[in-house]
Amino acid sequence: MAIEKNIIVVFPTNTDGSLTHQVRNLGEDFWRFIEREKLGDVGGFNAIDSATGRLAVRVFHTRKVQIVRKLVATLLKDHSLDYRSQVTYE
C-alpha cells in the first residue's frame with residue numbers, strides 16, 4: 001500500500017471570499033512550519049498569496065507524512081478552519 005504524500009485542503013464554504021484572509025494566514029503558517037523546516041512543499045508565497053479555496057502540501061519524505069498530517073490538523077484547528085475545510089490525501 002502506497003503512502004499518500006500529498007495533502008489537499010479545500011475550503012468549500014469560501015464561495016463568497018469571506019475566508020480568504022484566514023486561508024492565506026493558514027498558508028503562511030504552512031510555509032513557516034512545513035516548507036521552511038524542509039518537511040514539504042506548499043508552493044511558496046506565490047501559491048499562498050493567490051490561495052482562496054485550496055491549499056496543497058507535498059510531503060518530501062514518506063517517514064514524515066504522519067508528522068505533517070498532525071501539523072496540518074493542528075494548524076487548521078488553530079485558525080478555526082478545521083470544521084470549514086475538507087482534507088484529502090493523495
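This passage describes the fold, strand pairing, helix burial and selected side-chain and backbone features of one protein chain. The model is a predicted one.

The secondary structure of the protein chain consists of three helices and four strands. Followed along the sequence, these elements give the pattern β-α-β-α-β-α-β. The radius of gyration is 12 Å, close to the 12 Å that the globule rule gives for 90 residues, so the chain is as compact as a globular protein of that length. The C-alpha trace spans about 40 × 25 × 20 Å along its principal axes. Of the 90 residues, 34% count as buried. The surface exposed by the protein chain amounts to about 5,400 Å², and carbon and sulfur atoms supply 50% of this area. Among contacts with a separation of 6 or more, 71% are accounted for by residues 24 or more positions apart.

Strand S1 (6–10) takes part in two antiparallel pairings. With S3, the pairing of S1 extends over five bridges. With strand S4 (residues 86–89), S1 pairs over four bridges. Ile8 illustrates both pairings. In S3 (54–59), the residue opposite Ile8 is Ala56, while in S4 the bridge partner of Ile8 is Thr88.

Helix H1 (residues 20–35) contributes a set of buried residues, namely Thr20, Val23, Leu26, Gly27, Asp29, Phe30 and Ile34. The cover over these buried residues is drawn from several elements, including S1, strand S2 (40–41), H2, S3 and helix H3 (65–78). Both strands and helices are thus represented in the cover of H1.

Aromatic contacts were considered next. A search of the whole structure finds one aromatic pair. The pair is formed by Trp31 and Phe45, whose ring centres are 4.8 Å apart and whose planes stand at 35 degrees, so the arrangement is tilted. Stacked pairs have planes under 30 degrees apart and edge-to-face pairs have planes over 60 degrees apart, so an angle of 35 degrees falls between the two classes. Trp31 belongs to H1 and Phe45 to helix H2 (residues 44–49), so the pair ties together parts that are 14 residues apart in sequence. Trp31 has a relative accessibility of 21% and counts as partly exposed. Phe45 is also partly exposed, with a relative accessible area of 39%. A further side-chain arrangement involves Arg69 and Tyr89, in which the charged end of Arg69 sits over the ring of Tyr89 at 3.8 Å from its centre. Arg69 falls within the span of H3 (65–78), and Tyr89 within that of S4 (86–89).

The loops contain several residues with distinctive features. Most residues other than glycine have a negative phi. Lys38, by contrast, has a positive phi of about 60 degrees although it is not a glycine. Lys38 lies in the loop between H1 and S2, and its relative accessible area of 63% places it among exposed residues. A positive value also occurs at Ser80, another residue other than glycine, where phi is near 55 degrees. Ser80 is located in the loop between H3 and S4 and is partly exposed, with a relative accessible area of 35%. The C-alpha atom of Ser80 is separated by 8.7 Å from that of Gln22, although the two residues are 58 residues apart along the chain. Gln22 itself lies within the span of H1 (residues 20–35).

Lys64 occupies the loop between S3 and H3. Its relative accessibility of 25% makes Lys64 partly exposed. When residues up to four places away in sequence are not counted, Lys64 touches Leu39 and Val59. Lys64 and Leu39 are 25 residues apart along the chain, and their C-alpha atoms are separated by 6.9 Å.

Notes:
Residues numbered from 1 in each chain as written. Predicted model: local features only at pLDDT ≥ 70, side-chain atom pairs only at ≥ 80, totals over all residues. Heavy atoms only, no water. Phe/Tyr/Trp six-rings, centres within 6.5 Å; stacked < 30°, edge-to-face > 60°. Buried < 20%, exposed > 50% of the residue type's maximum accessible area, 1.4 Å probe, protein only. Lys NZ or Arg CZ within 6 Å of the ring centre and 35° of its normal. Contact = heavy atoms within 4.5 Å. Rg over C-alpha atoms; globule rule 2.2 N^0.38 Å. Areas by Shrake-Rupley, 256 points an atom, 1.4 Å probe, with all protein chains shown as cover. Pairing = 2+ DSSP bridges.
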